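This report covers selected side-chain pairs, one helix residue and one surface patch. The sequence and structure come first.

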Amino acid sequence: VPQMGTFVGVYLPCMQNILGVILFLRLTWIVGTAGILESFAIVSMCCICTLLTAISMSAIATNGMVPAGGSYYMISRSLGPEFGGAVGLCFYLGTTFAGSLYILGTIEILLTYIVPTATIFKDNNGEATPNNMRVYGTCCLLLMALVVFVGVKYVNKLALVFLSCVVLSIMAIYAGAIKTLIELPEFSVCLLGNRSLKNELFESCAKMEVLNNNSVTTDLWNFFCESEYGNATCDEFFTLNNLTEIPAIPGLLSGVIKDNLWSNYGSAGMVIEKNNLHSESPQIPSTDRDQYFVFNDITTYFTLLVGIYFPSVTGIMAGSNRSGDLRDAQRSIPVGTILAILTTSFLYISFVLLFGACIEGVVLRDKFGVSVKKNPVIGVLAWPSPLVIVIGSFFSCCGAGLQSLTGAPRLLQAIAHDGIIPFLQV
């Protein structure tokens with residue numbers, strides 16, 4: 001007999017799917033690139049879209065019995081089996097690919113922030129290649145499939161553990177934002193002129209430092225100059241511009257929100273620069289030392305960011321997909337889904353505002369956190385430690401991946417059971 005209620009059966013799975021990989025890995029970058037105002041537009045547009053969908057789904061769910069098959073069953077019984085089969089297959093594929101999104105998010109967190117030394121494949125420059133994601137992602141998929149194969153009961157037990165990690169992470173972000181009113185985090189960004197530098201490579205943001213009453217050159221000097229001596233030939237951009245160290249998290253009272261209101265779109269390979277700082281440009285631009293600066297990895301524009309953000313709000317069907325396990329599907333699906341959408345919409349909108357009001361623009365636009373000692377940007381803001389975010393986001397992606405792998409096969413099974421598509425009869 002189905003035993004799940006609204007909270008465990010609908011609200012938690014929806015929350016887990018919506019608060020996933022995009023929030024922890026990409027939302028800060030979206031806010032930095034699109035600016036606060038356009039980020040509001042992106043989040044509002046996507047949340048209104050899913051809310052309208054959920055209201056329509058609720059109207060169908062409260063209109064009759066909802067057995068196993070969830071959204072597919074509701075569409076096929078309202079609009080006819082042809083519509084249901086076509087939409088159901090698309091939805092099955094969408095849920096399956098969402099699973100791959102979450103698994104790739106899990107592996108990105110693992111290889112970028114938890115165990116960066118675990119890379120198997122490297123290119124000529126020593127950088128990790130996408131084959132690492134493929135190998136580790138396949139292993140992760142097999143492990144998750146094993147958990148799903150054991151049973152939905154265990155997925156639900158794990159879901160509560162994973163969601164509690166996500167809730168702790170979210171509380172850590174709010175706590176970190178409030179703490180900036182009292183004391184700023186110790187993370188800082190090193191700028192050469194107005195360009196952001198990868199500070200995982202060096203400790204001191206200076207050209208020279210005093211050691212035993214003697215002026216000696218720093219690691220940064222060695223990166224940009226041909227030798228460690230003060231009279232060495234250096235990169236012209238390095239010679240013309242000064243180094244400045246600014247806080248990565250200026251805090252809520254700093255007024256950084258004014259700089260982050262507007263968009264900063266750029267082309268791939270463009271150096272990330274602080275807008276209100278000036279730098280002297282060399283007469284002959286050099287590309288020899290470019291690997292020490294932080295770059296845009298892709299060309300950005302508004303519709304691209306909408307496409308990147310949208311998968312984070314598409315987890316609204318996670319509850320309705322489990323309609324066969326719900327005690328009272330007619331009541332649970334509308335209440336749980338709409339509550340989950342309202343809760344997560346509030347969280348996303350508040351995070352857009354907090355990130356824009358607390359974090360320096362050059363850090364927001366740094367997708368992988370290389371300008372803040374290779375920490376996730378959202379983790380730099382969190383209190384007490386970036387580790388809270390790393391662990392929370394890792395478990396969040398695992399949980400959302402499990403939810404997708406649980407929902408998709410049930411959907412396919414419901415389509416096959418109706419016998420609409422002959423080759424699925426097997």
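A salt bridge here is a side-chain nitrogen of Lys or Arg within 4 Å of a carboxyl oxygen of Asp or Glu. Lysine 274 and glutamate 360 satisfy that cut-off, because their closest N and O atoms are 2.8 Å apart. The model is a predicted one.

**Salt bridges**

The whole structure contains six salt bridges. Three of them are listed in the table, including the pair just described.

| Pair | Closest N to O distance |
|---|---|
| Lysine 274 and glutamate 360 | 2.8 Å |
| Lysine 179 and glutamate 183 | 3.6 Å |
| Arginine 195 and glutamate 273 | 3.7 Å |

The bridge between lysine 274 and glutamate 360 links distant parts of the chain, 86 residues apart. Lysine 274 sits in the loop between β5 and α10, while glutamate 360 belongs to the loop between α11 (329-358) and α12 (361-364). Are these two residues buried or exposed? Lysine 274 is buried, because its relative accessibility of 12% falls under the 20% limit. Glutamate 360 is buried too, at 8% relative accessibility.

Glutamate 273 pairs with arginine 195. Glutamate 273 lies in the loop between β5 (243-247) and α10 (302-309), and arginine 195 is in strand β2 (residues 195-196), so this salt bridge ties together parts that are 78 residues apart in sequence. With a relative accessible area of 31%, glutamate 273 is partly exposed.

In the pair formed by lysine 179 and glutamate 183, the side chains meet at 3.6 Å, N to O. Lysine 179 has a relative accessible area of 23% and is therefore classed as partly exposed.

**Serine 58**

Helix α3 (residues 27-61) includes serine 58. This serine is buried, with a relative accessible area of 8%. Which residues does serine 58 contact, leaving aside its neighbours within four places in sequence? They are Pro334 and Ile338.

**A nonpolar surface patch**

Ile178, Leu181, Ile182, Leu252 and Leu253 make a nonpolar surface patch of about 540 Å². One of its members, isoleucine 182, is placed in the loop between α7 (152-179) and β1 (188-192). Isoleucine 182 is exposed, because its relative accessible area of 75% is over the 50% limit.

Definitions and conventions
Residues are numbered from 1 along each chain as its sequence is written. This is a predicted model: local features need pLDDT of at least 70, side-chain atom pairs count only at pLDDT 80 or more; totals for chains, interfaces and linings use all residues. Side-chain values use heavy atoms; hydrogens and water are left out. Buried means under 20% relative accessible area, exposed over 50%, partly exposed in between (1.4 Å probe, protein chains only). Helices (H or I, at least four residues) and strands (E, at least two) are DSSP runs, numbered from the N terminus. Contact means heavy atoms within 4.5 Å. Patches are made of residues with over 30% relative accessible area and no salt bridge: like charges are joined within 9 Å, nonpolar side chains (Val, Leu, Ile, Met, Phe, Trp, Tyr) within 5 Å. Accessible areas come from the Shrake-Rupley method with a 1.4 Å probe; for residues, only the protein chains shown count as cover.
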